[in-house]
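Biologist: Hey, I've just opened this one and I'm new to it. Can you walk me through it?
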Amino acid sequence: MKVLLSWLREFAPGIDGDPAALSDVLSALGLAVEEMTVTGSVPDGVVLGRVLELRPHPDADLIQLVEVDDGSGSTLQVCCGAFNMAVGDLVPLARVGTVMPSGLEIARRKIRGQASEGMCCSEIELEMGDDTDGIMILNNSVATGAGPGTPLAEALALAPDVLWDLEVGANRPDALSVMGVARDLAAALGVGFEPPDWSTPASGPDISDAVDVEIVDPTLCGRFVGRVLRNTPSGPSPAWMANRLIALGMRPINSIVDISNYVMLELGQPSHTFDLARVRGSRIRVRRARDAETVTTLDGVDRSLVAGDGVIAGGDDAVIGIAGVMGGASTEIGDGTTDVLVEMAWWDPPSISRTAKRLNLSSEAATRFRRGADWGYNVERCMNRFVKLAAELGAEVTPGMIDERGNLPDRRPLRVRTSRVNGLLGTSLSAAAMAGHLRSIGFGADVSGPAGLDVTIPTWRWDTETETDVAEEVARLHGYENIARTVPTANEAGGLSPYQQDRRLVRDVLVGAGCLESQPMPFVAPGALAAVGLPEDGITLSNPVDDSESVLRTSLLPGQLRAVAYNQRHFNGDVRLFEIGHVYLPAPEGQLLPDEREFLAVALSGEEAPAAVAVLDLLAEALALPAVELREASPPGLLTTRSAEVVVAGRARGVVGEVDPGVLEVSGVAGRVAWLQLDLQEVLNGPRARRRYRPVSKYPPSEVDLAFVVPEGVAAVQVERALRAAAGSLLVRIELFDVYRGAGVTDGARSLAYRLRFQAPDRTLTDADVADVRQRCIDETSRRTKATLRS
C-alpha cells in the first residue's frame with residue numbers, strides 16, 4: 001500500500017516531523033516501510049512543449065527531428081529517439097542548461113549533423129514513473145490554462161511530497177487505505193484525526209424511482225448501498241487526482257473510473273458503477289450463482305460460474321457482474337453513458353476469496369473484500385465522497401440512497417481482562433491506559449473496574465474478534481519498543497521418555513562398538529521365514545505395497561542377512577550391522593491384532609559367537625541389566641552348539657550365537673555371522689541393577705591368562721561366574737579370548753581361555769598377591785564346573 005504525506009494530512013493535519021522519523025513510527029505500528037521516496041519534484045528548466053512538426057533524421061533511422069514550441073516565441077529542434085508523438089501533442093521539454101534527476105546536464109549538441117536544443121522527456125527520465133516506452137503525452141493531464149512554456153510542475157499541479165510504500169499484513173484490511181494509515185499514525189503521534197465532511201446537495205426525482213435492489217442471499221451480502229448520478233462526465237479526471245493515482249501505482253482512465261479508484265485508495269471501500277440504462281428493469285438482484293451460469297466480465301472473458309459464487313443480476317435475473325470480484329461487460333459504462341448507478345457493498349469475505357481464487361481473478365477490490373471491508377458508516381462516507389467528486393466534475397446527484405441489509409458480523413462488546421493482556425504482552429498497563437490506546441484508533445472501550453474493560457470492535461476491523469486480537473492492538477499503540485525484553489519462563493513441553501533415552505543409549509553403545517545401523521523393510525517374501533529356519537507363522541497382508549513381499553516379519557534375521565549379503569556382493573566384506581525395528585508375532589489368544597514388539601538385532605559378519613556375547617556384555621553394562629546369563633538352547637536359525645538363550649533377571653529376553661551355515665548358504669552369505677537378538681521392549685521396561693561406581697586406580701594392573709578344559713555341557717558363563725566370585729574386588733576386567741576344540745582336548749570337552757586383569761585401588765599388587773588370587777580362581781572354577789587347568 002502506497003500513501004502520500006500530503007494525503008495523510010488531509011485526515012490528520014497534525015502529522016508533522018522528519019519523514020525518516022515518521023517512517024520509524026509507521027514501522028513500529030506494524031506498517032513496515034519498504035521504501036520512502038520524495039515525489040513531485042520537477043527539475044527547473046522542464047516546461048510544457050507543443051509538437052509542431054515531425055521529420056525523419058536524414059542520417060539516422062532510429063532518430064526523428066521534432067520541432068517544439070517552448071513558449072519563448074521561437075521553435076526548437078530536438079533530436080528524439082521516441083516515435084510515440086504526434087503533431088499538436090503536449091510533452092515535457094527540458095531546455096538547455098537543465099540538470100536532470102540523473103545528474104545529466106542538457107546542452108546544445110549535434111547528433112549525426114543535426115542540432116538538438118533540448119530533450120523531450122519520458123516518465124523515467126523525470127523520475128515520475130517507470131514507463132520507458134516513449135515520451136510523456138500530457139494532452140489530457142495538464143491544468144486548465146497551461147500551455148507551451150508553462151513550468152511542468154505548475155502544468156501538472158505538482159508539489160514536492162513524501163511517498164511511502166508500506167507492507168500491510170493480511171490481518172490489517174483497514175490499513176489498505178490512506179484514511180486507515182492516517183488513523184494509526186495520528187494515534188501514535190497523539191494528534192487529532194477527523195475525516196472531512198463530503199455531503200453533497202441533490203436534486204430531481206428520488207432514487208426509488210430509478211432503481212430497485214433486492215438481496216436474495218443475506219449470507220452473501222451484508223449491506224448494499226447505491227446512489228444514482230445523472231449526466232455523468234466522460235472526460236479525463238483533473239490533474240491533481242491523476243497525479244495521486246499515478247503516485248499510488250494506478251493509471252488514470254476516465255473521470256468515473258478514476259473517482260472509483262481514488263475513493264478506494266483513500267477510504268478503503270471498493271465500488272462498482274453500472275450504466276443504469278443497460279440494467280434490465282432498473283432492478284438489481286444479489287444472489288448466489290447457479291451451476292454453469294456464465295457472464296462476460298469487463299476484461300472480455302467469458303466466465304463459467306458454479307453454485308456458491310456471488311453474483312449481481314438484473315431484473316431479468318441474468319448475471320451482470322461477479323460480486324466483489326469484477327463487473328460484467330453488459331452494464332459497462334462507456335462514452336454514451338449518462339446515468340450511472342454507483343454500488344458500494346459489504347461482501348462475505350470467505351465467499352469472495354473462494355470465487356477470486358477459483359477464477360484466478362486478483363484485483364485491488366477483491367483483495368479488500370476478501371480481507372474484510374468496512375460495513376459501518378464508512379460505506380456512507382465513501383459514497384458521499386464519490387458523489388461529491390463526481391458533482392465537482394459536473395454530474396447531477398439524485399436524491400436518496402439505497403441501503404439494503406443482509407447478515408452482518410456481530411459486534412457486541414467483548415470482555416477483555418487486563419491480566420490476560422498484560423500476561424500476553426509482559427506489561428503492567430492499567431485498564432484506563434489500555435482503553436486510551438484502543439479509543440485512539442476508533443475502538444469503543446468502557447472500563448469496568450481495574451480487572452477489565454468492555455471493548456466494542458469497530459466495523460472496519462473485521463479481523464479483530466478475540467481478546468488476543470485486542471491485546472495486539474494495545475501492544476501496537478503502546479509500542480513494542482516500550483515493552484521490556486524478558487526471557488519467557490514456561491514449563492518445557494515434550495522431552496524424551498526414559499524408554500526413548502535408553503533406546504538412544506543402545507544406539508550410542510552399538511555405534512561405539514563399530515556397528516552401523518541398517519533399516520530393512522518390515523515386509524518379507526512368502527517363504528522367507530522358513531528359508532532362515534524360522535516358523536512360517538508370519539501374518540500375510542491383504543493389501544501389501546509389493547505383492548512379492550506380503551508377509552510381516554516375526555524376526556529381524558531375514559532382513560539383516562539380506563543386508564550382509566548385499567554388502568558382500570558389493571565387495572564390502574565383513575560388516576557389523578544393527579537394527580532396532582518392530583516384529584509382528586502371532587496374536588495371543590483373545591487378542592485381535594498381532595503382538596507387535598520392538599526388537600534389537602546385531603549381525604557381525606566374519607565373526608564368531610563370542611563377538612556377539614561381547615556386544616551383549618557392553619549393552620548389559622551400559623543399561624545396568626541385572627543377572628544376565630546365557631542358557632543352553634537351540635534357537636531356530638542358529639547353530640545349535642554355538643548359540644544360547646539370553647536370560648535377564650531370570651526371564652528369557654533373546655538369543656545369541658552364530659547363524660546356522662545352512663541358513664547362511666540359503667541367504668547368499670559367505671563365512672560366519674555372529675548374531676544377537678533381544679526383545680528390546682521387554683529389556684528396557686524390565687528391572688535394572690543399581691549402577692555402581694568406583695574411583696579409577698592409579699596403581700598398575702596385572703594380567704593373568706587361564707585356559708580351562710570344560711565339558712561341552714558347561715556354559716562359558718558358569719566359568720565366568722566362578723572366576724568373578726574367586727577374584728572378588730581385585731578383578732577389573734575379564735575376557736574370553738579363545739575357544740578351542742581339537743588335538744590336546746578330550747572329546748566332549750572344549751578349551752576356554754580367559755584373560756583376567758587384577759588391580760587394587762590402594763596399592764601395587766605384589767607377585768604373591770597375584771599368585772594368590774590366581775590360585776583361588778583355579779580352585780573355585782574346578783570346584784564349580786569340574787574344569788581342569790589346561791597346561
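Biologist: Which residues lie nearest the centre of the largest cavity?
Modeller: Pro173, Asp174, Leu267, Asp374 and Trp460 lie nearest its centre, out of 16 residues that line the cavity. Keep in mind that this is a predicted model.

Biologist: Ok. How much space lies in there?
Modeller: About 150 Å³ of space lies in that largest cavity.

Biologist: And how many cavities does a search of the whole structure find?
Modeller: The search finds 1 cavity of 30 Å³ or more.

Biologist: Which elements give two or more residues to the lining?
Modeller: Those are H4 and helix H9, which spans 377-392. H4 gives the most, with 3 residues.

Biologist: What's the lining like by class?
Modeller: It's a mix: 5 nonpolar, 6 polar and 5 charged residues.

Biologist: Back to H4 for a sec. At what angle do H2 and H4 pack?
Modeller: Helix H2 (residues 19-28) and helix H4 (residues 178-189) pack at about 105°, and their axes are 10 Å apart. Angles of 65 to 115 degrees count as roughly perpendicular, so that's what H2 and H4 are to each other.

Biologist: Which residues make the contact?
Modeller: From H2 you get Leu22, Val25 and Leu26, while H4 brings Val181, Leu185, Ala188 and Leu189. By class, the contact of H2 with H4 has 7 nonpolar residues, with no polar and no charged ones.

Biologist: Nice. Switching to sheets: what order do the strands have in the open sheet that includes E3?
Modeller: That open sheet has 5 strands in the order E5-E4-E3-E6-E9, and the pairing is antiparallel. Its edge strands are E5 (75-80) and E9 (119-120), each of which pairs on one side only.

Biologist: Over how many bridges do E3 and E4 pair?
Modeller: Strand E3 (residues 46-57) and strand E4 (residues 60-69) pair over 7 bridges, in the antiparallel sense. If you want a spot to click on, Glu53 has Glu67 in E4 as its bridge partner.

Biologist: What about the sheet with E11 in it, what's the order there?
Modeller: It runs E11-E14-E17-E18-E19, again an open sheet of 5 strands, and here the pairing is mixed. At the edges sit strand E11 (212-215) and strand E19 (326-327), each pairing on one side only.

Biologist: In which sense do E14 and E17 pair?
Modeller: Strand E14 (residues 283-288) and E17 pair in the antiparallel sense, over 4 bridges. There, Arg287 stands opposite Val311 in E17.

Biologist: Last topic, backbone angles. What is phi of Asp317?
Modeller: Phi of Asp317 is near 70°, so to speak a positive value in a residue other than glycine. Asp317 is in the loop between strand E17 (310-313) and strand E18 (319-322).

Biologist: And where is Asn360?
Modeller: Asn360 is in the loop between helix H7 (349-359) and helix H8 (364-371). Asn360 has a positive phi too, of about 55°, although it is not a glycine.

Biologist: Great, that gives me somewhere to start.

Notes: Residues are numbered from 1 along each chain as its sequence is written. This is a predicted model: local features need pLDDT of at least 70, side-chain atom pairs count only at pLDDT 80 or more; totals for chains, interfaces and linings use all residues. Side-chain values use heavy atoms; hydrogens and water are left out. Axes are lines fitted to C-alpha atoms, for helices over the stretch in contact, and angles run from 0 to 180 degrees between N-to-C directions. Angles under 35 degrees count as roughly parallel, over 145 as roughly antiparallel, 65 to 115 as roughly perpendicular and the rest as oblique. Contact means heavy atoms within 4.5 Å. Ala, Val, Leu, Ile, Met, Phe, Trp, Tyr, Cys and Pro count as nonpolar, Asp, Glu, Lys and Arg as charged, and the others, Gly among them, as polar. Two strands pair if DSSP finds at least two bridges between them. On a 1 Å grid over the protein atoms alone, a cavity is a set of points where a 1.4 Å probe fits but cannot get out, and a pocket is an open set with protein on both sides within 12 Å along at least five of seven lines; lining residues have an atom within 4 Å of a point. Grid points are joined across faces, edges and corners, and a volume is the space filled by probe spheres set on the points.
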